[in-house]
Amino acid sequence: LRSHPLTVERLSEARARATLAKSPPHEANFLQPMMQARARVLMDNTAVGLKHAIESANGGSGAPDQAGALYAGALAALLAKDFALAEKHAAQLRVLIDAQRGRDPVAHRVATLLQVQLALARGDASRAQALLRELPKDVARATLFARAETALQLPNSAVPADGSALRESEQALQTWVSERRDDAPAWALLARSDDALGKPLRALRARIDAAQTSVAAVAGACS
């Protein structure tokens, strides 16, 4: 700044160059409005807040804004126990995202996981399992949790005799917490999985780790 002070002329030249520069083309960002919508609904899950989100589900001036509105409407309807309306908005969201050229795989995963959440809330674990088969076996936390919850809720008739789905999700959770030991919800989910697999001692250890992690988090927040 000493050798090149910011004068009015230099600022004007910078603004002119920025105006003339052509921005590179980019794909529409669906993920951000959907995550913002989820945060808004979860922060204001009162009857009035849910009603507003549901009524605004068909709003939005562009495809990304429409995705955010549909996500908020579907989640709000789910929390309000209006499963039919939640399913309608979630399906509209999937259609909107999948219709885009160069479909964003992350946005597709988020929209699919919303449908999985809805299926589990309705007690339809078989539907949730079918939806999860559409997704790659990534290590995203939300996908990991969805697979574990689905495996826990599957009826006995839908589970292989060797319990492979539940065993696979339990092993994935074990790997996750071994690398992220401060994730209390993951420890708690691992404990439930171990219980379901008939491993009471491992389930007890996981519950202890979950409790200790939660206490440490509260102590850290209060210090």
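1. Starting with the largest pocket: its lining breaks down into nine nonpolar, five polar and seven charged residues. Here Ala, Val, Leu, Ile, Met, Phe, Trp, Tyr, Cys and Pro count as nonpolar, Asp, Glu, Lys and Arg as charged, and the others, Gly among them, as polar. The pocket holds about 500 Å³ of space, and among its 21 lining residues Lys137, Arg147, Glu168, Ser169 and Ala172 lie nearest the centre. A pocket, on a 1 Å grid over the protein atoms alone, is an open set of points where a 1.4 Å probe fits, with protein on both sides within 12 Å along at least five of seven lines; lining residues have an atom within 4 Å of a point. Points are joined across faces, edges and corners, and the volume is the space filled by probe spheres set on them.

2. A word on provenance. This is a predicted model, where local features need pLDDT of at least 70 and side-chain atom pairs count only at pLDDT 80 or more, while totals for chains, interfaces and linings use all residues. Numbering runs from 1 along each chain as its sequence is written, and side-chain values use heavy atoms, with hydrogens and water left out.

3. The overall layout is easy to state: 11 helices and zero strands. Helices (H or I, at least four residues) and strands (E, at least two) are DSSP runs, numbered from the N terminus. Of the 223 residues, 35% count as buried, meaning under 20% relative accessible area, with exposed being over 50% and partly exposed in between (1.4 Å probe, protein chains only).

4. Back to that largest pocket and who builds it. H7 (125–132), H8 and H9 each put at least two residues into the lining, with H9 giving the largest share, seven residues.

5. The second largest pocket has about 400 Å³ of space and 16 lining residues, of which Arg38, Leu113, Gln117, Ala142 and Ala146 lie nearest its centre. Helices H2 (31–43), H6 (105–121) and H8 each contribute at least two residues, and H6 gives the most, seven. By class, this lining has 10 nonpolar, two polar and four charged residues.

6. Leu154 deserves a look. It sits in the loop between H8 (141–153) and H9 (164–179), and it counts as buried because its relative accessibility is 8%. Gly123 is 31 residues away from Leu154 in sequence, with the two C-alpha atoms 9.0 Å apart.

7. On salt bridges (a side-chain nitrogen of Lys or Arg within 4 Å of a carboxyl oxygen of Asp or Glu), the whole structure has 11. Arg141 pairs with Asp183, closest N and O atoms 2.8 Å apart. Arg141 is in H8 and Asp183 in the loop between H9 and H10 (184–196), so the pair ties together parts 42 residues apart in sequence. Asp183 is buried at 10% relative accessibility, whereas Arg141 is partly exposed at 36%.

8. Within helix H5 (residues 83–98), Arg94 and Asp98 lie four residues apart, about one turn of the helix. Their side chains meet in a salt bridge at 3.4 Å, N to O. Arg94 is buried at 14%; Asp98 is partly exposed at 30%.

9. Finally, Arg207 bridges to Asp195 at 2.4 Å between the closest N and O atoms. Arg207 belongs to H11 and Asp195 to H10, so the pair ties together parts 12 residues apart in sequence. H11 (residues 200–222) also houses Leu204, which is partly exposed at 46%.
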